[in-house]
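Work through the following exercises with the sequence and the structure side by side. Try each task on your own before you read its solution.

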Amino acid sequence: MDNTNWTSVSHFILLGISTRPEEQIPLFLLFLLMYAINISGNFAIITLIISTPRLHTPMYIFLSNLALADICFTSTTVPKMLQNMFSPTKAISYMGCLVQTYFFICFAAMENFLLAIMAYDRYIAICQPFRYPMILTRMLCLQMVALCHILSHLHALLHTFLMGQLIFCADNRIPHFFCDLYPLMKISCSSTHLNTLMIHTEGVIVINGALIFIIASYVCIISVVLRKPSAKGKWRTFSTCGSHLTVVAIFYGTLTGVYFQPLTSYSVTKGHILTVMYTVVTPMLNPFIYSLKNGDVKGAFRKWMSRIWTSFSR
């Protein structure tokens, strides 16, 4: 395209999941409900862990940070999407779009790193149970969480900086409900080769590196569990990992389906479905997955509700 046809873009139009007017109210109510469940469920997990001394262990420190990351992750995209459903312009400023991209990538990466250190926690707890308190000290836990934050912000900064170097044409319509990488790259007038290269190299290292670490941790866990003579002991050990494995499968399955493909084969419809899965559905399900399959959380929740009921009934 000739340079004379390039124009300065001050804002983008987020077309959303659907452009049909009759679908806006049902979609609004559906996503509002999922967002409310996500916020209340994850906030309940954080409050429960903070208020229950028994849950002040590495596993639940990481879980509370995952719950906070889920709240922030969804809050980066869903409120703007809900606002745009009834907005006549559906606009987001150029700078607002870059800010949304930055925090979306940041919290997605944070969830990725937190899932990896949660796998390490399970590995130490099962494979080296007697050394668990000595290895996973409170200081080490705080250092690992801080490292997750630092790496996530650096990862987001790289991809947002590269996105800021792209030139956009007069067509500023993004066929998505937020400023995601691939939809933005699809409407760019300039070369996206470097952006794609970074997604398929640095992005693959960050995402697949964490996934490989998780798989390696569970290979070690399985090898230890299979040596247990009791079938009941095997089941009890595996049940402590079930919640984490469920979240890992949903998160990485959908994330890989969106980003680890050539830009030319990116499908808007498929991208919508998979993106909704890991940006809205997975964060909403996480509190239920961890509470329903975890005896400590269920027990603490019952005591917490009992205390609340007692205080109200006085």
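Two strands count as paired if DSSP finds at least two bridges between them. Keep in mind throughout that this is a predicted model.

**Exercise 1. Confidence**

Task: Find out how confident the predictor is along the chain, and which elements have the lowest and the highest mean pLDDT.

Solution: Begin with the chain as a whole, whose mean pLDDT is 85, with 87% of the residues reaching 70 or more. Then turn to the elements, among which helix α11 (residues 295-313) has the lowest mean, 71, while helix α6 (residues 138-164) has the highest, 95. Finally look at residues 1-7, where pLDDT stays under 50 and where the model has nine contacts beyond four places in sequence. Where pLDDT is low, the predicted coordinates should not be read in detail.

**Exercise 2. Strand pairing**

Task: Determine which strands pair with β1, and in which direction each pair runs.

Solution: Take first strand β1, residues 11-14, and strand β2, residues 91-93, which are joined by three bridges and run antiparallel. Within this pair, H11 faces S93 of β2 as its opposite residue. Next take strand β3, residues 173-174, which is joined to β1 by two bridges and runs parallel to it. Here L14 has I174 of β3 as its bridge partner.

**Exercise 3. Disulfides**

Task: Locate the disulfides, and explain which parts of the chain each of them ties together.

Solution: The structure holds two disulfides. One of them joins C97 to C179, with a distance of 2.0 Å from S to S, and the angle of -125° about the S-S bond makes this link left-handed. Because C97 belongs to helix α4 and C179 to the loop between β3 and α7 (181-186), this pair ties together parts that are 82 residues apart in sequence. Both C97 and C179 are buried.

The other disulfide joins C169 to C189, and its S to S distance in the model is 1.1 Å. Since C169 is found in the loop between α6 and β3, and C189 in the loop between α7 and α8 (193-225), this link ties together parts that are 20 residues apart in sequence. C169 and C189 are buried as well. If you number the bonded cysteines in sequence order, you obtain the pairing 1-3, 2-4.

As a last step, ask why C127 has no bond to C220. A disulfide needs cysteine sulfur atoms within 2.5 Å, and the closest cysteine sulfur to that of C127, the one in C220, is 5.8 Å away, which is too far for a bond.

**Exercise 4. Buried or exposed**

Task: Decide whether C127, C148, I126 and H244 are buried or partly exposed.

Solution: The cut-off for this step is that a buried residue has under 20% relative accessible area. C127 has 22% relative accessibility and therefore counts as partly exposed, whereas C148, at 4%, counts as buried. I126, which has its place in helix α4 (residues 94-127), has a relative accessible area of 12% and is therefore buried. The C-alpha atoms of I126 and V225 are 8.1 Å apart in space, although these residues are 99 apart in sequence. H244, placed in helix α9 (residues 231-259), is buried because its relative accessible area is 3%. Leaving out residues up to four places away in sequence, H244 touches L115, M118, A119, I214, Y218 and Y290.

**Exercise 5. Helix α3 and the nonpolar core**

Task: Explain why helix α3 is described as largely enclosed, and then find which residues have the most contacts inside the largest nonpolar core.

Solution: Count along helix α3, residues 78-85, where six of the eight residues are buried, so the helix is largely enclosed by the rest of the structure. The buried residues are V78, K80, M81, L82, N84 and M85. Now consider the largest nonpolar core, which has 88 residues, and in which F12, F31 and L115 have the most contacts. Helix α4 supplies the largest share of this core, with 19 residues. To connect the two steps, list the contacts of F31 beyond its neighbours within four places in sequence, which are I17, V78, M81, L82, M85, V276 and V280.

Note on methods. Residues numbered from 1 in each chain as written. Predicted model: local features only at pLDDT ≥ 70, side-chain atom pairs only at ≥ 80, totals over all residues. Heavy atoms only, no water. Helix = DSSP H or I, 4+ residues; strand = E, 2+ residues; numbered from the N terminus. pLDDT = per-residue confidence, 0-100. Contact = heavy atoms within 4.5 Å. Buried < 20%, exposed > 50% of the residue type's maximum accessible area, 1.4 Å probe, protein only. Core = buried A, V, L, I, M, F, W, Y, C linked by side-chain atoms within 4.5 Å.
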